[in-house]
Amino acid sequence: MARPRTKPALCASGRHRPDIHRTCDDDGVTRTHCLDCRCQLVRTLASRAWYRSGMFF
Ligand SMILES: [Zn+2]
């Protein structure tokens with residue numbers, strides 16, 4: 001099964017698939033990227049949910 005080249009629907013709706021390889025800051029912020037669209041994702045201890053980061057680190 002070939003994967004679609006277009007942006008996956010889940011990503012378009014803001015539901016990304018975080019990579020299992022993650023980095024954690026001293027601040028408790030975990031960073032990774034989406035497996036599908038390769039965007040950067042961040043998660044804080046407070047939110048416990050992944051958010052797409054609009055900033056480049
Ligand atoms: Zn994505």
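**Exercise 1. Determine how many bridges join β1 to β2, and in which sense the two strands run.**

Solution. Two bridges join β1 to β2, and the strands run antiparallel. This holds for a predicted model. To place one of the bridges, begin at Thr23: its partner in β2 is Arg31. Next, consider the connection. β1 and β2 form a hairpin with five residues between them. In that turn, Gly28 has a positive phi of about 90 degrees.

**Exercise 2. Follow Arg31 across β2 and identify its bridge partner in β3.**

Solution. Arg31 has Val42 as its bridge partner in β3. On the side of β1, Arg31 is the bridge partner of Thr23. The pairing of β2 with β3 can then be described as a whole. Strand β2 covers residues 30-33 and strand β3 covers residues 40-43; four bridges join them, in the antiparallel sense. Within this pairing, Thr32 stands opposite Leu41.

**Exercise 3. State how β3 and β4 pair, and over how many bridges.**

Solution. The pairing of β3 with β4 is antiparallel and extends over three bridges. A residue pair that illustrates it is Arg43, which stands opposite Trp50 in β4. The strands form a hairpin with six residues between them.

**Exercise 4. Assemble the strands into a sheet: give the strand order and name the edge strands.**

Solution. The pairings described above belong to an open sheet of four strands, in the order β1-β2-β3-β4, with antiparallel pairing. The edge strands are β1, residues 23-24, and β4, residues 50-52, since each pairs on one side only. As general background, strands of a sheet pair through backbone hydrogen bonds, either parallel or antiparallel.

**Exercise 5. Locate Arg38 and Arg48, and decide whether each is buried or exposed.**

Solution. Begin with Arg38, which lies in the loop between β2 and β3. The hairpin of these strands has six residues between them. Arg38 has a positive phi of about 65 degrees although it is not a glycine. Its surroundings hold 10 C-beta neighbours inside 10 Å. A residue is exposed if that number is 12 or fewer; therefore Arg38 counts as exposed.

Arg48 is treated in the same manner. Its place is in the loop between β3 and β4. Its phi is positive, about 55 degrees, although Arg48 is not a glycine. Because Arg48 has 7 C-beta neighbours inside 10 Å, it counts as exposed.

For the phi angles, the general background is that most residues other than glycine have a negative phi.

**Exercise 6. Describe the chain as a whole: its secondary structure, its pattern, its share of buried residues and its contacts.**

Solution. First, the secondary structure comes to one helix and four strands. Second, read along the sequence, these elements follow the pattern α-β-β-β-β. Third, of the 57 residues in the chain, 4% are buried. Finally, consider contacts between residues at least 6 apart in sequence: 17% of these join residues at least 24 apart.

Key: Residues are numbered from 1 along each chain as its sequence is written. This is a predicted model: local features need pLDDT of at least 70, side-chain atom pairs count only at pLDDT 80 or more; totals for chains, interfaces and linings use all residues. Two strands pair if DSSP finds at least two bridges between them. A residue is buried if 20 or more other C-beta atoms lie within 10 Å of its own, exposed if 12 or fewer, and partly exposed in between; C-beta atoms are placed from the backbone. Two residues are in contact if their C-beta atoms, placed from the backbone, lie within 7 Å.
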